[in-house]
Structures are given as structure tokens and as C-alpha cells.
Amino acid sequence: MDLAKLRQDAAALLADGRAGLVIGFRERAGACVPAFVTDADQADALVYDDTCIANLAAYLRKPEIRQRRPVALVARPHVMRSLILLKAEHQLQGDDVLVLAVGDDTYHGVLTLAEAERLLNETYADLATDAQVLAEIERLEQMSPEERARFWSEQFAKCTRCYACRAACPMCYCERCIVEKNVPQWISTAAAGHGNYAWNVIRAFHLAGRCIECGACEAACPQGIPLMLLNALLAREARDQFDARPGYDAEAEPVVGSWNKDDDEGFIR
Amino acid sequence: MTQTSTKPDAATGADAAAQPWSPRIVAFVCNWCTYAGADLAGTSRLQYAPNVRIIKLPCTGRIDPLFILKAFEQGADAVLVSGCHPGDCHYTAGNYHARRRWGLFRRLMEFTGIDAKRLFFSWVSAAEGQKFADLINAVTDEVRQAGPFDPTNPARKRPWT
Amino acid sequence: MKILDASKLSDLADTLAGAGYRVVVPVQDGDRVRYAEWSPGATIRTDAFPVNSAKDFLFPRSEVIDRYQLDGDDFTPLEVRPPAPRTVLLAVRPCDAASLAMLDTIFNWDYEDDLYNARRAATTVVPLVCTRADAQCFCTSVGGAPDSSAGADALLHPADGGSRLILEPLTDKGKALVEAAGGALADGKAAPDAPADVPARFDPDKVRAWLADNFEADLWDLLSYACLGCGACAYACPTCHCFDMQDEATRTESVRLRNWDSCGFALFTKHAGGHNPRPDQAARWRNRVMHKFSYIPERFDLVGCTGCGRCARLCPAGMAMLEACTRIEEEARKAPAHES
Amino acid sequence: MTTPIGYYPGCSLHGTGRELDQSIRALAEVAGVDLREIKDWNCCGATAAHSLNHDLAVALPYRTLALAEDQGLAEVLAPCAACFSRLKGTAVRLARDPKLAQKMTEITERPYRGTVRILSIIEFINRLLDAGLEAKLTHPLGGLKVAPYYGCLLARGEDIVDDDPEQPSGMERALVAAGCEVVPWNFAVECCGGGLSMSKTEAVLDLSDAILSDAEDAQADAIVTGCPMCHSNLDMRQRTINAAGRGPHDLPVVYLSEILGLAAGIEPERLGLDRHFVDAMRVAERMTERSA
Amino acid sequence: MARVGVFICHCGENIGRTVDCAAVAKAAEAFPGVVKSVDYKYMCSDPGQQMIKDAIRDERLTGVVVGACSPRMHEPTFRRAAFEAGLNPYLLEMANLREHCSWVHEDRPVATEKAIDLMRVMVEKVKKNAELRPIRVPVEPTALVIGGGIAGIQAALDIAGGGKKVILVERSPSLGGHMARLSETFPTLDCSQCILTPRMVEAANHPNITLMTYSEVTKVDGFIGNFEVTVRQKARYVDPEKCTGCGACFEKCPAKKIPSEFDAALGNRTAIYRPFPQAVPNKPVIDAEHCIMLTKGKCGICAKVCPTGAIKYDDKDREVIVKVGAIVVATGFELWDHSAYGEYGAGRLEDVINGFQFERLASASGPTTGEIRRPSDGRIAESVVFIQCCGSRDPKRGVPYCSKICCMYTAKHAILYRHKVHHGRAVVFYMDVRAGGKGYDEFVRRAIETEGAEYIRGRVSRIYRRKDGRLVVKGADTLAGRPVEIVADMVVLADAIVPQPGASRLAQMLGVSYDEYGFYSEAHPKLRPVETAKAGVFLAGACQAPKDIPESVAQASAAAAKVLGLFSQPELEREPIVAKVNEVTCVHCRACIQACPYGAIEDKEIKDSKGNLIRTVACVNEGECQGCGTCVAVCRSGSIDLDGFTDEEVLAEIAALE
């Protein structure tokens, strides 16, 4: 990948004022962490490799970041999908962001959101769910309901309710999350039992038809809870049942919140 | 605030334990079709199992997955959701919204360990008193066979220690 | 000298468990290592940094603090007696042990926290000297050390190139533990290994001095850009101790719970009227730094950070206390605090 | 075009439709197309099979298609409209019904993966035009007025023919390229009586008479067709029609491939134009020479 | 603190037989917040209601739960009683102890236990209930009627007759619509214009009706009672104030060869024209596209001959915004374009015409003054073939539905033709004859039995022109099972009825839903056939589905009745079961806006005191919200709630079942 070109583009964007901030990755003690570049001469610190899993689109909900619009983001295809979806959900204007597009070991240059949408549909139209995740989902589906309940009981028991999953997800942009609503309090905030179950299940459900499977939530979880199993299951169902392809069309209607006369109702008596 | 002390009724707990288990089912139904269908079952004097407690909403479109989670959390052995047949919604499309929501949510529930045998969805119109009665009997029977909802299920609230 | 084979640490755990201790050790859990109650068959891992801290066992993430029985409009308070089993924190990190000294102060400062104290009294702390450190370790910058015995009742030293462990009792609790360990320990001799080399990275006094003058500094914006506002750092931190209270009721019983909370959350300081005195992540991150390096030192003459680096290891956004402090020190050097 | 195209002549082209066979082969040669007759081809089933035995109706074309696939032919030309309809219809059914495909594999003991594309005479000629035949049409027919006649099989079958079943226009491009003027007329898809040719000749006389009359009313100099059955009804029976007191007609009926062949400057005899019952050589007289 | 009163009704023996009402009342007394709990034989009787009223006053109740029959039965009764006693009626709830309990269970202890549960659920809910007040929406008592055909005219006249103002908008230069083009009407054969034109004139002269012809609706804002509609008045180039309608201009206009829309292109008109002699308003307009002056800049003859100086070549389109409280949509239909049926020679054969063209031929005011002359050469048609279902009931190339009126008008055509050409042959090809309606089947029988129309059941496969210029119609007689061939001078195709082009665009403007063909959807196919899902917008005529004149008129009157009902009060009072947005927590993802079946949620911009935009949030229009709550369930942050069924109330109900 042409990292030099990426750095050069980032520097140019800042130098000629096309971007007020470039968010990318830098290296720290052998790991990649998000980098916030405001001056052209810092752009050489930018790096990119496969370990850069954080979905930088999540930063666009921070007011202090939005203040520096337009913001340029180093974005892999999944992140571009997040941006398209954010636009579809009216959280972004087309000219709020520029994309330093990376993917398949290629640097695609600086793209507008509209160009990123085109690139996605032309080149990255079939981003598949991680095969290991799918295999694990299928393994769980083979289990009895009791075994599955036990599996998730153990997983959710780890949850400390730090909400790193929520923070890392660009689609979790609610200013007051449902878990923080206390009139009425639907979800117990105690980091235990039913509260942990309800939180994790509702978090996943609120991403139904919206998750673009970037994996940032699972990577963010300090406790190693396999959150992508829930997300990918719902992504699969939304795709199979309702042809959902979130993040490929900035004009698309939300999957939950729209309907089709022919939606499956085989499960309804 | 004054503290008044009343003796806990120890007998209640013992009685409850002594009684054989009977399914407790929470039903979320729409006002215009299924609630009216249940009314018709009543005016037609159709007898059915007494295990279901109905919570009335204006429309199935109003039913948030949180309702279902909460009912299981509180220890319901099963949840039934019922509304108008497609095309009959009083609000034209609430049931279509609901159908899609359940299509996804029920998968998530099954996947996280709530047996599909405890989640019921149906369309019962205002004219289907018989269908309502039959449905309640069938649901009750099936839940009876599935047994009580496992108190250790992660969805279920456990007493604080 | 009491020694044991390094590979027999699980035997020691078994023995202590048999002697009635709740044994907390770092074990393998999936792809993570965490402090957890010992159960036979578990794999003890002393070579990786656990995702949780020792405070979990003294100040759990959610616990009942009040309980009422309800009957119609009436209620009766019930006594809350939390379980405080005899516990040993075995082979924990010295920085975790050091954190307990600070928590002891915090939980007995303006009120005595019975729940914490009951558990603390029943806890024996046996840290394991670190012979290796990673890039996020900075205990030596905050008054700690890889072989520190702060907060410890006994100390485990790796010896003979890591093949043995020396158990050195330091307090009565420590001696009682050695007693209880009985045959799991042998009398013998071993040469202690050198502790890890953790170079000092900054001077907390200089950081504190800068903080005193720079509440409004622009640097806070820059330092906090990456922060996404979750609670991962606070919940992993061995010294963070904020909590929130929630009531949960059924028809027959109501409980009051205290749950961990974090100053990183936007809601932490949000007032009922809607105003938030810490309106952005910069203000919230500043509070975190201030709390550890200014407020606690001021009030208790302690540094509120043990340098464990756990927050940096777990942060999904790459925030790091070490990086913040070195950056602050750098800033302090650039513009020395003016005399006042 | 370098890839060979499979060739399925069927029974007609070896019999009454020899001109069609001749003219197609001649045209292919001019266009530089390698036509390869499918080895060991069999009856397409158009005669009695498809109404009597449904398995046989599919199995016959299936075998031919399987042979073509096996012989490495990606495309097969079936000039006879009936053959085309049977082969293409079978291909469509097989694609739709995997169970049927499996059954056919068992019956014929031959696998067929469904890779062969079947071309009608019209599609074939349009293909040649695409590939450069247009430039080789050195002898345009000087405004010869023609009535393109599709009959049933070159216009019908929703999944078989890609044209408007009531107002087909597939031949027009080729005819215009050959220098003809296409006259508007009404009987382009009316029945010639094809299926009753032997059993109820009287009906054929009525139907074909109507077609010839309408073409004459439209001032056509010739009827152009792509189907050997239509051709034999309209051409061979013209004398009988006249004898029965209808007409009298004297209208040449020529194949599309013959028209294109003439325009390409091929001698009329090589195209079989001298073999028609109604004198068709007069059509050849309309050949002009395009100055280079 | 909540002070809830519980009232258990025995309903005579209906509840009391299986439910131990006294035990239920006693159990309810122990519920938290319950201060009074009684049972009584007939709670709905006067003494029963009085008991509730007294308790509300004496016990200062903050909530009431009546355990009795279904709330569908007596909720209004008890809520009225509560209101009379000074309690907000929405603080009273009913538990359904009869239909949902005593009538469906036999075991007394089990039924009693269930009844206690049902009571607990409603007691917990009522404690969370909030006082709600009926929503009042001011109503602008002016109606907009879109479309000046018979349906629009009828609706306008009925509303105007009811004393309310009407604005009647018509796209073309004259009122009248399709009906004005018809010769005579089935099944009575009265002259269409004779019955229609008086109504057109009445509409034009009615003091309550403002006519806006040659105008189109371009924008619709607002909601029931309060619509703001933008109407574009196209430039007429003739000042209607000055024009006297003398006709000098169009007699002298040199651009004479413009196909007349009114005559379905069978006749011509001039560039300055009135569509037909009885046009209302009877004042010409200039067709800018064909006017020599407007296209080439020279001519000006009409201005020269106009005695009043009414011609204004510099006229411009104008936009007018009108405020109305209700909208009646009566945009009518159009005929399907039969050129998809190539075998019928459409477009190529002049003598193959559609129904409207036949109407104009048969009309005394038409281009042939009522003589059935074929378009190609003007000869009297000696033989005419009528083909029904041209495009209708043909899912492949046309539309799958039945166009409903074609059987009748084809019979009419056949009869009219036979009246005019006594020796002529009228042949009708049909698939089925559908003649449901008063006098309809008799009319068809008359066509066949006494008027000599030949009905052939079957389809036509081809129409072509013979050398002699006559048409040959080839088809099948499926009853006789043989092919038929008929030589005709003219063929009349009964083309399918389709919505007006642009129907879907208008629907989107109005927020009205429409089917896949573009016909507007009624709010309920059985019980609300005149309303749309958009409150305050009503339907009349064939814009909803194919309809004949009496049906269109009936629906128009029904729509007018709905409008007058709406206008009968200065304010619209609605049940306060509506959604509300928490503007502080709304993040404007617009999921609710997209999900709302009524388009009742819109964007709202929140600005600071200087007018700078701070944020945009969702906002529920109380006038339009119907209270389904679909928006609440799609809101992830829990920022919308539904009054009467709030999250708090529902959660309290679920918790009561623990």
C-alpha cells in the first residue's frame, strides 16, 4: 500500500484547508492507535496495517471533533460503509467528511462520501462476514437452547458495563443510550445477570440491519465477550430475510422501521 | 418516612411452593384485532386455559422488544404477541413493522438461549374468537410441555444476594 | 526460607482452598487472563497482565447495600450482611497490592465503608514480584516498584531463573497463610531473580505542579481527542472507586445497589436540569488525570495511580496515562510553572 | 469470428430446405465463420414426438445439446425454425427445472451442464452483421420490396424468441443492410398452415393464399422467410393454390440467408436460388454493384 | 402518593358467578396505593356510577380502576362519570373481568386468581397514568377540491351548499372533465352535457366556490384543518376580467390545425381556444406552444380583433398559496395507451379508435356532429367492431384489474351506433360481461336482444387493413369454438382505465398512499372508503379505482359530508393518545419519521435566541398522529413516548405480573 501517498494527501488536505483534522493511525509501543493530525508536518506519523481495527467513524459523534469539520478519516471499506450509513441516518452531511480510502492493500486516494459510496459498490460490494464468526454462529445454532443459554450466561457474566462496545461503535450515536434511560428503567445497570443480558441483547438488536460488521465493538471489549456473534447473526438475518445491505446506499431506508408486504411470516400463527 | 413493620407472610411462599407449576404467559396484543378477538371469545363463552395475562397496546407496532425481554426477566414462562392480520391493521402498517422487528428479534432470542418454544406470534382478528381460544389453549399446552422457564437462564432476574 | 516449584503454584492454591481460603489467582479465561476465584483445573498465568484488578474482590462491580421487604404500602428494612470470606489474593501484581493501601484510605476517609472493610479485613495479599515489564508499565514513576511489598502480607519472589518461588511472610496474616500452606511449601534455599527493570518515565511532582496551573490548558483537547468516553479504563483501574446507586424493586422486595461508575461517562456529572459542568471529553479526561495526580496527592499525600498501565492496555482508543503524563511533563519543561 | 459455431441442420435442410442449407453455408464462408456440424446429431423431435411423449420430446434435443457441449461448442445454429424452437425450448426448460435435467441425464446417459447457446437464423445473421458482414455486402438489392414473414416459430415463445410476438422486427436490420425496402404488411406472423401441410392441405391453401395476397397487396416483390416449412407452403404450394382457383399468385419466396448471400455477391446458383418452384432468379437480377 | 379506588362489578351474575368479586375487592385493597376497594352488583348502573363519583370526591382519588366488562363496552361511560366527579377521565382504567375472565373460565378459584392479577395490572398502570386533555386543532373551514370533473364538481357543490367555502382547482381551461366529452350516458341514455353543464355553471356561479381553472397544485404543506397549498395558475394570456367570451379571437386565429384534446384529436382547434362551446369559464386561453405570436413574435391578430383588449401576450404563470382545512382529491382517470397491442394496429390504423374517440364521433357537438364517420376517409361506418378488455385483465401487457365501466359503455356504444346507422353491423368481442348495477344488466340485454348488437365471446388476435381500406378483425368465438373474421369500417377499443399521469406525484405531495398502478388508497377498504390514511384528505371518483358516474358522484357527496362534518366545529377535538418526542435526547436519526404510517412526524429545528440552528429533532404533529405507537418502538434512544400507553405505564403492567 502506498503509505507515502496517504501521508502526502493527508498533509495536503491540512495544508490547503480542505480538512480541519485528519484522523488516522500512528504507532505506539508496537501497536496502532488512533492519531489526530492537525498540522501538515505531523502527517508523516500516519501508518496503516491490518491491525488498525478501530472504526474511526465513531469519532464523528464527538462535538469537539465535529467542530473541526470537514474531517478526513483513514477508512477501510467497513468504515466507509459506516460513513454511508451515518449519512443515511442523517448524522452526517455529504461534505462533513473526506475519506482517505484504504482497502485490499491499496490506497485509493482522497474520496468524497459520494465517491466512497461508488468505490464501495464497484469494488467492495461483497464484504462477507468473517468465516470464523459464521462457523461459530453455526456451532452455537447446533446446540440446545439450554447449552446456548449457558454459553451466553458465561459470556455475559464477564461484562462490567464499561460500554466500550458502545463507545467504539460509530452507529451508537445516541446521546442518551436506552440503558441510561431511568424513567422507566428498562435495563438494570447492575453489572450482573439479567441486566447484562438485556444490555447485550438490546445493544445488538439496536444494530440489527445497521451493523456493518467492522468488528470494532468486539475488539474494544476488555473482557473478550464475542459480541460479533450477536451482530453477525442479526446481519445475516437482516440480509437473508430483508435483503439488507447497510452502508451501500446513503438513501436507503432503515431495515427496522420499514417493511415489505412479502416479509416472511412463517413463524406467525 | 415512618417505618412500619409488617410480618412477612411466610405462608404465601410455602403455599406457592406446594402448588403444582402452571405456565405463566404474558400476551401483548393490539387493541383493534386481538383484544377484540379475545372479547369475542368471551361473548361466545368459549372456554380456554386461564394462564395468559393480556397487556393491551394500541397496535403491535407499539410493542418494543424491551417488553418481551422484561416479561422474561420477570419470570414469564412464555410470551405471546398478537395483532391484526396483514392488511387489516387499524393504523395501516403497524403490524408490518412489528412483523419485521420480530423476524429479527426472535432469532436473537433463540440464539441467546431463549427457546423458540417460549415465544409465540400470531394474527388474531376481531372476528376470530375461536382462533383466540384455540391459540391460548395451544400455547398453554406447548408451554406446559416445555416446562418452567429455567431460573438460571441469563435473561431471567435472579434474587440479589 | 519457604520455597516451592514455580510449576506447583496451583498446588499451593489447592492447599489454601482446602484450608478454607477463597483463593484469587490470575487464570486463563478464553483469550484473556483475569483474576478469578481458583477452581481446580484452571490454568494459572503469571506471565500476562490480567484484564481486571484486585479491587474486584474488595469492591465488586455491583453489590447490595440496602434491602427492604415490601408489603402493600408498608416496608421493613432488612439487615445487609455481605459475604466476606477469608480470601487470599495470590500472585497478584505488586501494583495491585499497592492500590489497596490507597483504597483503604479512600473507603475510610469521610465515612467507614463497612462492606469494604469487612472484606479487606478478611483478605491476605500475596503479590508476586515482577521480573518482566512491558511498555505500559510505569510503577517506578509513581513511587512503586516491581518488587514492592506495599500492601502485601507476604511476597512471592521468583527464584532460580523462574523455576522456583520464595514465599516471604511479612505480616501476621502472611504468617498465618504460610501456616495454612503447610506441606505445599518446602524449607530450602533459592536465589531470588532480579526484579524487572522499569525505568522511571516522569516525575509525578512535576506533573502535579503543572496541573495546578493548567486547568484550562489547550493541551487537554489534544490529549483527549482519542477518548471515546467509555468506562474501560476506570473499571480496569485498581484505584478508581466511584460508584452510582440504583434501586431495584419487585413486589415483595426492594434493594439498593451500588454499581461502579466512571468519570469518563458523559452522564457522570450531568445535572438533573440538563447542565453538565464537564461538558466534553477533554474535561472528563482532565478530571481523570487531575484526580490521580493532583486531588488525591493533595488530600492524602499519595499518588492516585499505581502505574500498572492496565488502562492503556485495555483502552480501545489508545488513551494512555503514561503518555499523558510524559506529555505533561514535557509541556512543564517547555513553560516552567510560574512562581506565585 | 474465430470460435467455431455448431451447426444443426436437422432433417429439413437435408431435404426440402436444401437451399437454406446451401445459402447458410455459403454466407458463413463469406463471413469467415467456421460452422461445424454436430457429430451424430439426432432428430429434434419437432414432428410427432413433442405431442406424443413428453420425455422423448425433451430427451431428443437434450441428446443433441449434450453432444454439442461435449464437442466443445458454445453456440449452435439451428437454421430450421422448428429445430430452433425445440432446442431452445428444451434448454429453457432444463435451466428452470433441475429435476428434469437429472431425469434426462439418466435417460440419455449423458451429462449436460447447460452451457450451449442456441441461435436462430435471424440471430445468426445479426451476429454475422455485428462481426463485419455488413462491410462485405457489396451487391445491395436495389430497393427490392420485401415482406418479412416470421410465421409462428420465429416470433413466438416468450423465453425462446427475443422479439415482439405480434410485431416482430428481427429481420429488418439484415434486410435493410442488404438493400431491401421492407414493406408494411399484416400477415408477418399469421399461420401458413405448417402443421397441416400433409394432413389437411386444403387449410394450407386458404392460409397461404391469404399471406401471399396480403404481400401482393403491400406491393412486395418477394416474401422473405427463415423457416423451411413456411417456405415449402408458400413456394411449393403456390402453383396448387393457383390451381385451386385462388390467386393467381406469382411471388418469389426466398430465405433470409439467400437475400444476404445475394447482397454479399454470391452467385445465385450457389445459394440454391435456381431450385425454387416460383422463379426466384428474378430477385437475383436486382443485385447491383456497389462502387468501391 | 397515589390514591387509587378499585371498583369490582358483578355484572349481575355474569362476573359474580365465576369470580369471587368480594375476594378480588379484598385482595385489591392490599395493593400498594389502593385506598378504597369495593364490589357492587351493577357498576354501570346509576347507583354504581354514583358510588365511583362519591369515592372520587370523598377519598380524593388520583386514579380509578373498574373491574367489569370489556373497556370497549363501558370505558366511555365510566370515564364520563370520572370526569363529572372532577377526575381527569384518563386516570380511569378498566380491567376486563368479564369477556377475558369470567365468561371464559369455569373454575372459580382460578378465575378469581386471574381477576386479581388483571386488577393488579391496571392498578399499577393507573398509578403511572398522566392527566390527558383532548387535543384541539383549529380548522380552517375552507375546502380544496382537486379536479373539476363530475366528482370534483359534485363535492364542491355539496360542500358549498353546506355553507362552507371551496376552492376548486382544475388543470385544464374548463370544468367538466371526461363527462363533458361523453355523448350519452348509460343506462338511461340521457345526454351527458345536458345533465352536466348546469352543474358546471352552478359551480362557477356559486358564491362559496372559487374556481381556479388552468391551474395545478404544486405543493402541499400542513395537516388536517391547516393545509397550505400552493397552486400554480398557468398563464392564460387572456384577461378573464375583460374577456366577454365573444369568440372573435378564435374565429380569426390563423393557427387552426391543432389537434383538439377535447375531441380526442379527431377534430382541430385554434391556438387561442376554448376547449368546447359550453366551457366554464367560457373564456379562451392561448396555447403558448402553438401561438404564432408567442412562438415567432409576429401575428397578434387576436389582440387586434379583441373588442375589449383582453389579450395579454406578456402574461406569466402565477403561484398562489391557499389555506384550507380539508382536501378532496378528484383527479379522475385516463385511458390506457393501447399501442402496446401491436396486433390491433394501434397508431398505424386510423380507424382503430378508443372509447373517447367514439364518444366524440357520437356526440352531436363532436367533429362529425354525431354521425359515425370513420376517421380515415369520413365515410359512414357500415360495420363497427367493439373490443372489450383492451389492456384490462391482462397482467402481461396491460393491467390485471377489471376496468369496470367498459362493459357498460361498450353496450351503450353499440346501441348508439345502431341508432345512428340502422343498417350497420355492431359486433362486440367480450371476455365476460360484468353488468352489476341498477338497470345495468337490462341495458346490456337490450343491446343484444332489441338493438341487434352481436356479442361474441372471445378475443381478437389481429386487426389489419384490407386493400379496399376496410379493416379485417380476426378473432376467436370461444363459445362456438371457431375462428371468426369480421370485416369492419371501424374498431373501437375499450381501453383500460388507468390513473391520471402524475397521480403518484400528487399523492406524494399530499402524503396519500397509492397502489402499484397509481390509484389512491383509501384508509380502510370497507369502513373508510372515502378517507385516506392522511387525515383531512378525502377521495372522490375514479382517482381511487375505476368508477362510473353515479359511483363517482356518490363518493363525491360522501367526501363532502366528511368535509362538512370536519368543518362543523371551529376546532377539531381528538383523543389525546398521541406520541411525544423528548427533544433533549432525540438524535434525529429519522427512523420514526420513516416509520410513521401517517407522515405525522416532521423535522423541527431548534434555534438559539439569535436564530442559529442548534440541532434538528423529530416533532410529532398532534393533528396528524393517530396514536399507533410504531414510532416509539423504532426509537432506539427511547426518545418518543405514547400518551396513554407510555413506557412507564407498560413497564408497570409487566412488573405487576411478576
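Start by selecting helix α2 of chain B, residues 34-43, and then show what packs around its buried residues: the cover includes β1 (25-30), β2 (52-57), β3 (78-83) and α5 (129-146) of chain B, together with α3 (71-84) and α4 of chain E. You are looking at a predicted model, so treat this as a walk through computed geometry. How many of the 10 residues of α2(B) are buried? Nine are, and the helix is mostly covered. Colour them to see the pattern: T34(B), Y35(B), A36(B), G37(B), A38(B), D39(B), L40(B), A41(B) and G42(B). Now step just past the end of α2(B) and click R45(B), where phi is positive, at about 55°.

**Next: where chain E meets chain B**

Since chain E helps to cover α2(B), bring up the whole contact between these two chains. Here 34 residues of chain E are in contact with 33 residues of chain B. On the chain E side, select α4 (98-102), α5 (108-128), α17 (630-634) and α18 (647-656), the elements that give two or more residues each. Colour that side by residue type and you should find 19 nonpolar, seven polar and eight charged residues.

**Then: where chain B meets chain A**

Keep chain B on screen and switch its partner to chain A. This contact takes 34 residues from chain B and 33 residues from chain A. On chain B, highlight α3 (65-73), α4 (94-111) and β4 (119-123), which give two or more residues each to the side that touches chain A. Which of these elements gives the most? That is α4(B), with 12 residues. By type, the chain B side divides into 16 nonpolar, six polar and 12 charged residues.

**A stop in chain E**

Zoom to L294(E), which sits in helix α9 of chain E, residues 292-296. Is this leucine buried or exposed? L294(E) falls in between: it is partly exposed, because 18 other C-beta atoms lie within 10 Å, while a residue needs 20 or more to count as buried. Beyond its neighbours within four places in sequence, show I286(E), A288(E) and Y313(E), the residues in contact with L294(E). For a sense of scale, draw a distance from L294(E) to P134(E): the two are 160 residues apart in sequence, and their C-alpha atoms are 57 Å apart in space.

**Last: chain C and its two domains**

Hide the other chains and look at chain C as a whole. You will find 10 helices and 12 strands, with C-alpha atoms filling a box of roughly 65 × 60 × 40 Å along the principal axes. The radius of gyration is 22 Å, which agrees with the value near 20 Å that a compact globule of 340 residues would have. Buried residues make up 46% of chain C. Of the contacts between residues at least 6 apart in sequence, 72% join residues at least 24 apart.

Now colour domain 1 (2-187) and domain 2 (204-334) of chain C separately. Their C-alpha centres lie 24 Å apart, and the contact takes 35 residues from domain 1 and 32 residues from domain 2. On the domain 1 side, select β4 (62-71) and α2 (94-106) of chain C, each of which supplies at least two residues. β4(C) gives the most, with nine residues. To finish, colour this side of domain 1 by type: 18 residues are nonpolar, 10 polar and seven charged.

Terms used
Residues numbered from 1 in each chain as written. Chains lettered and ligands numbered in written order. Predicted model: local features only at pLDDT ≥ 70, side-chain atom pairs only at ≥ 80, totals over all residues. Helix = DSSP H or I, 4+ residues; strand = E, 2+ residues; numbered from the N terminus. Rg over C-alpha atoms; globule rule 2.2 N^0.38 Å. Buried ≥ 20, exposed ≤ 12 C-beta atoms within 10 Å, placed from the backbone. Contact = placed C-beta atoms within 7 Å. Nonpolar A, V, L, I, M, F, W, Y, C, P; charged D, E, K, R; others polar. Domains from an automatic or database assignment.
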